[in-house]
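Let's work through a few short exercises together. Keep the picture open, take each task in turn, and try it before you read the solution.

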Amino acid sequence: MKRRLTYGMVGGGPGSFIGDAHRRSIALDGKAEIVAGSFSRTYEKSLETGRDLRIAEDRIYSDYKTMAEAEAAREDGIDFVVIVTPNSSHYEIGRTFLEHGIHVACDKPVTTTSAEAIELHELAKEKGLLFLVTYVYSGHVTAMHAREMIEAGEIGEIRVVQGEYPQGWLADADVSDNKQASWRIDPELSGRTNALGDIGTHIENSVYRMTGLHITEVLARMEKKVEGRALDDNSTVLVTYDNGASGTYWASQVARGHDNGLRIRIYGEKGSIFWFQEEPEKLRYTLSDGYVREIHRGHDCIDPAASCYGRLPSGHTEGWFEAMGNLYVDFIDAIIAKEEGTFSADMLKFPTTLDGIYGLTFVEACLESSENGNKWVKLPTIQE
Ligand SMILES: NC(=O)c1ccc[n+]([C@@H]2O[C@H](COP(=O)([O-])OP(=O)(O)OC[C@H]3O[C@@H](n4cnc5c(N)ncnc54)[C@H](O)[C@@H]3O)[C@@H](O)[C@H]2O)c1
């Protein structure tokens, strides 16, 4: 039986959103246990969360630097850290734990600039450490099946991609009573973009994970629909891919009536695939015969490389937690393989700092385009 890993968390304190969701997702498979944390910048709040999680008091830390040092010095120190703080702090926290020899999982965006993401990528490589960036949607079984179909050539060469992520939660001018909203609209904490960075990158990564296509150029219009807002809340991007295909992405937080309406439509020479995150148990596709087929997770028609991630029989709904859990399963298995000397590059099935770099170069090119009269901007080629 494999060793059960231990992990610590930075962020995820009282009233926060995603930290608790990560903890529940990791707990699904029992492969790792939380034993340390600095859950808030306020020590009392950190203690409150740590005690709720039954963490020993000497492993509830006042700040992440103390935590990295203390955990690295312990013989039974954490195997990995999970970073779930606002965007602008990811780089410093990630770098600190890598420097202390600890594997990192971090929510997206991995940093707020591509230069910082490249630095983390290089540092992780130099230290021989793993770095998971939790683009959660790539963990859905049906999204993985779409990838397998495309790789097998079932829909032929891709010609057109349509991606949208409409939300309505920032449609009102006053969002001051919402903890998750207040930092997202603040450039100090969010970086130079809001809607495009927060949810546009989910479109970008979902398309990349399904198709393997790289974006070569973009033309973006990043709008502030709510008066007085410093960052974009409605962004539209035209993209060109390295195989010549074209795409359109729309990320909006002012689209009333939508919650997390991520929809990816991929049109190839021989067929098309439609994947909607709010219905992640199903995948629709059409081939040249014109029939629209719908396949469901849990049936034999799902490719084994994807179906192996399912936990329940068909019709017993799996969703966001399971998708996030799937990323952690691969990440934890890879850490164990590193420890046992059996690691190989094909175990990097999960999104890493490379995905983070692609996301940030996309965002930066969109900013350059939008701020300069919506011109076409080329993306740099990334050295893997
Ligand atoms: N993958 C996804 O689908 C998804 C969804 C939501 C959020 N996110 C990402 O997760 C991150 C957190 O978002 P959220 O909505 O949970 O934010 P949040 O505001 O709800 O929570 C942030 C938490 O971090 C704590 N914190 C801030 N700075 C800290 C520090 N230096 N040390 C320790 N704790 C600190 C805060 O006290 C709070 O508990 C963001 O990067 C966001 O983009 C990803």
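**Exercise 1. A pair of facing residues**

Which residue in strand 8 stands opposite arginine 221?

*Solution.* Please keep in mind that this is a predicted model. Start with the two strands: strand 7 covers residues 215-223, and strand 7 is joined to strand 8 by eight bridges, with the two running antiparallel. Now look across from arginine 221, and you meet threonine 236 in strand 8.

**Exercise 2. The sheet and its edges**

Find the order of the strands in the open sheet, and explain what happens at its edges.

*Solution.* Step one: nine strands form the open sheet, and their order is 13-12-11-10-6-9-8-7-14, with mixed pairing. Step two: look at the edges, where strand 13 (292-296) and strand 14 (377-378) stand. Each of these has a single partner strand, so one side of each is left without a neighbour in the sheet. Step three: check the partner of strand 14. Two bridges join strand 7 to strand 14, and these strands run antiparallel. Valine 218 stands opposite valine 377 in strand 14.

**Exercise 3. Helices on the sheet**

Which strands does helix 9 touch, and which does helix 12 lie across?

*Solution.* Take helix 9 (residues 195-211) to begin with: this helix packs on the sheet and touches strand 6 (158-166), strand 7, strand 8 (234-241), strand 9 (246-252) and strand 10 (263-268). The direction of helix 9 makes about 145 degrees with that of strand 9. Next comes helix 12 (residues 353-371), which lies across strand 7, strand 8 and strand 14. Helix 12 runs at about 55 degrees to strand 7.

**Exercise 4. Two helix pairs**

Describe how helix 4 packs with helix 5, and how helix 6 packs with helix 9.

*Solution.* A helpful reminder: two packed helices are described by the angle between their axes and the distance between the axes.

- Helix 4 (residues 90-99) and helix 5 (residues 114-127) have axes that come within 10 Å and cross at roughly 10 degrees. Angles under 35 degrees count as roughly parallel, so helix 4 is roughly parallel to helix 5. From helix 4, Tyr91, Gly94, Arg95 and Leu98 meet Glu116, Leu120, Leu123, Ala124 and Lys127 in helix 5. This contact has five nonpolar, one polar and three charged residues.
- Helix 6 (residues 141-151) packs with helix 9 at an angle of about 45 degrees, and their axes are 7 Å apart. That makes helix 6 oblique to helix 9. Here Ala143, Ala146, Arg147 and Ile150 in helix 6 meet Ser206, Arg209, Met210 and Thr211 in helix 9. The contact divides into four nonpolar, two polar and two charged residues.

**Exercise 5. Domains and ligand**

How many residues does each domain give to the contact between them, and which helix gives the most to the shell around the ligand?

*Solution.* The domain assignment gives domain 1 (5-137 + 325-350) and domain 2 (140-312 + 358-378). Their contact takes 15 residues from domain 1 and 21 from domain 2. The centres of the two domains are 26 Å apart.

Now turn to the ligand. It is surrounded by 26 residues, and the closest are Gly11, Gly13, Ser16, Ile18 and Asp107. Helix 7 gives the most to this shell, with three residues. Each of the two domains supplies at least three residues to the shell.

Key: Residues numbered from 1 in each chain as written. Predicted model: local features only at pLDDT ≥ 70, side-chain atom pairs only at ≥ 80, totals over all residues. Domains from an automatic or database assignment. Contact = placed C-beta atoms within 7 Å. Near = placed C-beta within 6 Å. Helix = DSSP H or I, 4+ residues; strand = E, 2+ residues; numbered from the N terminus. Pairing = 2+ DSSP bridges. Axes fitted to C-alpha atoms, helices over the stretch in contact; angles between N-to-C directions. Parallel < 35°, antiparallel > 145°, perpendicular 65-115°, else oblique. Nonpolar A, V, L, I, M, F, W, Y, C, P; charged D, E, K, R; others polar.
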